[in-house]
Amino acid sequence: RLSINNQIIDPNSIPSTLNQNIFGAELNTNFFEDALSAIAFFKNYDYKASSIDILQDGASVLPIREVQKNTNGYGFALKYQIHPSVFIRTSFEQAIRIPTETEIFGNLSTILPNFQLEPEESLNWNIGAQFEKRFKNNKLFSVNINGFVRDQKNLIRAQQVSIDRVQFKNEALVNGKGVELTLKIIPLKNLALKGNFTYQSNEIV
C-alpha cells in the first residue's frame, strides 16, 4: 500500500497499460538456379508502458510513470547448396529485445523498478554447414555445425540490491561466442538418435 496525499491506496487498484508494436518487412530472392538463396529483413519496435511508481510513497499526486521506446533491427541471411547433401549458410542480425513491463516497473514484492532501463541490442554473426544423407527405407545420417559471435549492448540482467529484492539493470557490453554441433541418425524405421553439443562463453567488457 502507498500513501498518496495522505490517503492510503492499493497499487493493484491502479491499472497498468502496455502497448508493443512490431513492424517487419522481408525480401527473399534466389540465384544460380536456386542454389543460392538470400533473405534481407527490417524490423521496427515501438513500445509504450505506463504504471504507478511503487517507490513514490508519500507523494502529493498519483505517481504514474511512462516509458516509451522506438528502435530498429535488421539483418540478412545467405544459404548456398553446394551439393544435394551439403549446404553452407551465414547470417547477420542487429537484434533488439524490448524490456518487459515487470523489468521496468518492478512489482510490489521482490523486484524494484528501473525507469532508465534500455532495450538490449545484439550484433549476431552466424556461420554454419550441414551434411545430410538419406538412404533407402528412410534411413538418414545428418551433421549440422554452427558457429556464432554476439556483441551485446545493454544486456538486461537481474542484480541483487538487498536480501530479498532485485533490480533489472543494463550491462554495458557483453562479448559472446560459441559453437553448436548436432548429429542425427535414423538407423531403423521408427528409431531416431539425436545428439547436441554446445559451447558458449560470455565476457563482460
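**Exercise 1.** With which residue does Glu120 form a salt bridge, and how far apart are the closest N and O atoms? Then work out why this pair ties together separate parts of the chain.

*Solution.* The structure shown above is a predicted model, and the steps below are read from that model. Glu120 forms its salt bridge with Arg97, and the closest N and O atoms of the two are 3.4 Å apart. The next step is to place both partners: Glu120 belongs to strand β8, whereas Arg97 belongs to strand β6, which covers residues 86-97, so the salt bridge ties together parts that lie 23 residues apart in sequence.

**Exercise 2.** Which residues are joined with Glu120 into one network by salt bridges that share partners? Decide for each member whether it is buried or partly exposed.

*Solution.* Begin with Glu120, which has a relative accessible area of 12%; because buried means under 20%, Glu120 is buried. Through shared salt-bridge partners, Glu120 is joined with Arg97 and Glu103 into one network. The link between the side chains of Arg97 and Glu103 is a salt bridge with an N to O distance of 3.2 Å. Turning to accessibility again, Glu103 has a relative accessible area of 9% and is therefore buried, whereas Arg97, at 29% relative accessibility, counts as partly exposed.

**Exercise 3.** How many salt bridges does the structure hold, and which residue is the partner of Lys69 in one of them? Explain what this pair ties together.

*Solution.* The structure holds 4 salt bridges. One of them is formed by Lys69 with Glu118, whose closest N and O atoms are 3.2 Å apart. Lys69 is found in strand β5, residues 64-83, while Glu118 is found in the loop between β7 (111-112) and β8 (120-134), so this salt bridge ties together parts that are 49 residues apart in sequence. As for their surroundings, Lys69 is buried, having a relative accessible area of 17%, and Glu118 counts as partly exposed at 34% relative accessibility.

**Exercise 4.** Which residues have the most contacts inside the largest nonpolar core, and which elements give two or more residues to this core?

*Solution.* The largest nonpolar core has 13 residues, and inside this core Ile104 and Phe105 have the most contacts. Two or more residues of the core come from each of the elements β4 (36-52) and α1 (101-105), and β4 provides the largest share, 3 residues. A last step is to look at Phe105 itself: leaving aside neighbours within four places in sequence, Phe105 is in contact with residues including Ala49, Ile54, Val67, Pro113 and Phe115.

Terms used. Residues are numbered from 1 along each chain as its sequence is written. This is a predicted model: local features need pLDDT of at least 70, side-chain atom pairs count only at pLDDT 80 or more; totals for chains, interfaces and linings use all residues. Side-chain values use heavy atoms; hydrogens and water are left out. A nonpolar core is a set of buried Ala, Val, Leu, Ile, Met, Phe, Trp, Tyr and Cys residues joined through side-chain atoms within 4.5 Å. Buried means under 20% relative accessible area, exposed over 50%, partly exposed in between (1.4 Å probe, protein chains only). Helices (H or I, at least four residues) and strands (E, at least two) are DSSP runs, numbered from the N terminus. Contact means heavy atoms within 4.5 Å.
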